Structure formats: structure tokens, C-alpha cells
Amino acid sequence: MKKSIYYLKKASNIGLLLLRNIAFKIKEQKKVLIKLPGSRKVAPLIVRYRLLFSIGSAIVVCLLLTVFSVSLYVITGTSKLDLSRPGYEEVRKKVTRATVNESAFGSNGPLNAKIVNDYLKKYKKQSQDLSKYDNFDPKLLDDAPLGLSSDPLPLPEPEATSP
Amino acid sequence: MRIFLSGIIISLSLAISHSVAAAEQVEIEPQKLADIKVNCVGMQVVLQKIQYNDAANRVNRGQAYESLVTRMMIPMNGRTAVNGLSSSTAVLAGITTRYQQKLDSFKNDYEKYDNSLTSALRIKCQQKPADFYKNIVDARKYRHNIANDVMELEQLIEDYYQAVIKLKSEL
């Protein structure tokens with residue numbers, strides 16, 4: 001925690017430096033007069049180490065954006081579905097590729113018995129595809145399949161799920 | 001900045017207290033605890049395999065469910081509406097809405113289930129056998145919820161099919 005606070009402080013300091021640099025440049029060009037606290041001391045340093053400062057700023061911005069995107073990746077649950085993670089090489093082979101151009105049904109047009117029949121055939125085919133996959137049998141996590149004992153515990157009551 | 005940091009600290013402590021409270025709900029016999037301690041490494045291997053298989057299963061099922069609703073149900077609802085079949089549209093749209101809600105439950109339950117499994121895999125089970133087993137009990141509960149979601153989704157798919165057959169008879 002202390003480390004993360006330290007890094008956050010560092011990042012905010014660098015951001016402030018960046019702002020001061022911009023303010024200094026603008027001031028130098030005598031277009032607008034913006035004065036930030038302490039800019040007289042810092043600005044010459046930035047000018048002297050301009051290249052280093054630019055590289056540092058770029059790295060910090062990249063780090064911040066990376067932290068932001070990884071946080072989103074984890075928080076939204078996308079990481080749970082990402083099979084490109086290490087260890088999932090074998091699992092990737094089991095994933096069926098979605099057939100995008102197959103079995104699409106248009107939302108416009110007439111509706112008669114023949115069209116509905118065709119629709120029902122496609123619908124049945126797609127719904128039957130689901131039977132190929134495992135239905136998350138709860139018994140798989142009983143004690144016996146996990147190698148603990150032969151007496152499976154009674155399943156807990158299912159949690160009420162919000163609609 | 002301070003407010004942001006205190007917010008993070010408060011939410012972390014709430015999350016920890018919640019998980020501790022959830023973990024304290026299960027009582028384990030001492031003999032069973034000893035068994036868990038002996039067998040837990042093997043159990044973790046089995047759990048890891050289950051987690052890998054479930055990941056593929058979740059992706060496959062998720063794709064199929066999404067495909068069914070976006071490529072079959074919603075277009076059919078649109079077509080019945082365009083053709084002025086308002087009563088059928090209402091029935092089909094109702095089933096579609098319930099289907100989408102159940103699909104959201106399925107996704108949420110899977111996320112909770114995967115979190116419990118991940119916790120069980122990350123824990124040093126020989127040092128903390130009780131915590132390890134409590135995570136398995138949680139995972140078992142969530143897996144049961146997922147199985148219920150799958151059954152209900154299948155029922156809704158069948159309901160929609162029957163509703164379209166009824167629609168055909170009315171044409």
C-alpha cells in the first residue's frame with residue numbers, strides 16, 4: 001500500500017512537471033501568461049533535460065494507461081473468458097468457433113408458413129448445438145470426485161438470483 | 001487523493017470482511033479437516049482441470065446463447081412486429097427478455113464460481129485447509145446456481161420454439 005501511494009505521488013508529481021513544461025513553453029512564446037507554483041525552479045531543469053523528460057513522461061503515460069486497461073480487463077470479468085492466458089493452450093482447442101454467416105435470420109420481410117418452417121429448422125439446429133456442451137453438473141465438485149471421501153455432502157440450497 | 005485512497009481502503013476491508021463472514025458459515029469436522037490437509041494438493045490438481053474445462057465450456061455456451069438471441073430471437077421478434085402480429089410479438093419479446101435476464105445470471109454466477117475456484121487454487125491448502133474447503137463449498141454452491149441457470153435457459157429456448165410453432169398456426 002505504501003509503495004502504491006509512493007508511486008501515485010510520483011506520477012502526480014511528474015504530471016505536474018509536464019504541465020509546468022507546457023506552461024513554460026507557452027510563456028516563452030509570449031502568447032499566454034500562465035504561472036504555476038515553483039515553475040521558475042523546475043522549468044530550467046526540464047529545458048535542460050528535455051529528451052529525458054519527454055521519454056519519462058511517455059513511459060509514465062503508458063504505465064497509467066496500461067494500469068487502467070488491465071483494471072478494466074479484470075473488473076469487467078473479461079479475464080475469465082480470455083483463453084489466451086498461459087495454461088489454457090489445451091483448452092483453446094476445445095472452443096468452437098462461432099459461425100457468423102450461418103443460420104442468420106433477417107428481421108425484415110414477409111412472414112408465412114414456409115419462412116417460419118425454415119426458421120424453426122435453423123432454430124432447432126442452433127439450440128441442439130448446446131447439447132454438445134457440458135451442463136455444469138454440480139456433482140463434479142462433490143467430495144468423492146475431488147478425491148476426498150466417498151460420502152458426498154448434500155448440495156447447498158441454490159442462491160436466489162436476481163432477474 | 002486522500003478521499004480516493006480511503007475509498008479503496010474501505011472497499012478492500014469490506015470485501016475482506018465479507019469473504020471472512022462467508023467463510024465462517026461452514027463447520028468442518030476435525031477428522032475431515034485432517035483428510036483435507038492430506039489430500040488437498042491432489043484436490044487442487046483436480047480443481048485446476050475442472051477450471052480449465054469449465055472455461056472452454058463457458059465460452060462455448062456463452063457464444064451459443066448469444067448467437068441464439070441476437071441471430072434468431074431478436075430478428076424474429078422484429079419480423080413479427082413488422083408484420084403486425086402484435087400479440088405474438090408480445091409473447092416472443094417476453095420470453096426473449098426473460099432469456100436475456102437469465103443469460104446475465106448465468107454470466108454473473110460463472111464469475112462468482114470462477115472466483116471461488118481461483119481462491120481455492122491460490123490458497124496454501126496444507127496451511128489453511130478450512131479456508132480451502134470453504135472456498136470449495138462456495139464454488140459448489142455457485143456451480144449449482146449455474147446448472148440451474150442452464151436448465152432455465154434451456155426451458156426458455158423450448159418455450160420460444162413452442163411460441164413460434166403457435167405463431168405459425170395463426171398465420
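Over all chains, the structure holds 10 aromatic pairs, a pair being two rings of Phe, Tyr or Trp (its six-membered ring) whose centres lie within 6.5 Å, with planes under 30 degrees apart counted as stacked, over 60 as edge-to-face and the rest as tilted. The structure is a predicted model, in which local features need pLDDT of at least 70 and side-chain atom pairs count only at pLDDT 80 or more, while totals for chains, interfaces and linings use all residues. Residues are numbered from 1 along each chain as its sequence is written, chains are lettered from A and ligands numbered from 1 in the order in which they are written, and side-chain values use heavy atoms, with hydrogens and water left out.

One of the aromatic pairs is formed by B:Y110 and B:Y113, which is tilted because the ring centres are 6.0 Å apart and the planes stand at 55°. Both residues lie in helix α3 of chain B, three residues apart, or about one turn of the helix; helices (H or I, at least four residues) and strands (E, at least two) are DSSP runs numbered from the N terminus. B:Y110 has a relative accessible area of 1% and is buried, and B:Y113, at 0%, is also buried. Here buried means under 20% relative accessible area, exposed over 50%, and partly exposed in between (1.4 Å probe, protein chains only). The two tyrosines belong to one aromatic cluster with A:F136, B:Y65, B:Y99 and B:F106.

The contact between the chains (heavy atoms within 4.5 Å) takes 65 residues from chain A and 73 residues from chain B. The buried area is about 6,200 Å², and carbon and sulfur atoms give 65% of it; this is the accessible area (1.4 Å probe) that two parts lose on being put together, summed over both. Across the interface there are 22 residue pairs in polar contact, both residues at pLDDT 80 or more. A polar contact is a pair of N or O atoms within 3.5 Å; within protein, one must be able to donate a hydrogen and the other to accept it, and residues adjacent in sequence count only if both atoms are side-chain atoms. On the side of chain B that touches chain A, at least two residues come from each of α1 (2-23), α2 (30-82), α3 (86-122) and α4 (129-170) of chain B. The largest share, 33 residues, is supplied by α2(B).

Salt bridges (a side-chain nitrogen of Lys or Arg within 4 Å of a carboxyl oxygen of Asp or Glu) number 11 over all chains, and four are found across the interface of chain B and chain A. One salt bridge joins A:K124 and B:E158 at 4.0 Å, N to O. This pair crosses between chains, from helix α6 (residues 113-129) of chain A to helix α4 of chain B. A:K124 is partly exposed at 29% relative accessible area, and B:E158 is partly exposed at 30%.

B:R143 forms a salt bridge with A:D134, with the closest N and O atoms 3.8 Å apart. B:R143 also meets B:D54 in a salt bridge at 2.6 Å, N to O. The latter pair links distant parts of the chain, B:D54 in helix α2 and B:R143 in helix α4 of chain B, 89 residues apart. Both B:D54 and B:R143 are buried. A:D134, B:D54 and B:R143 are thus linked in a network of salt bridges.
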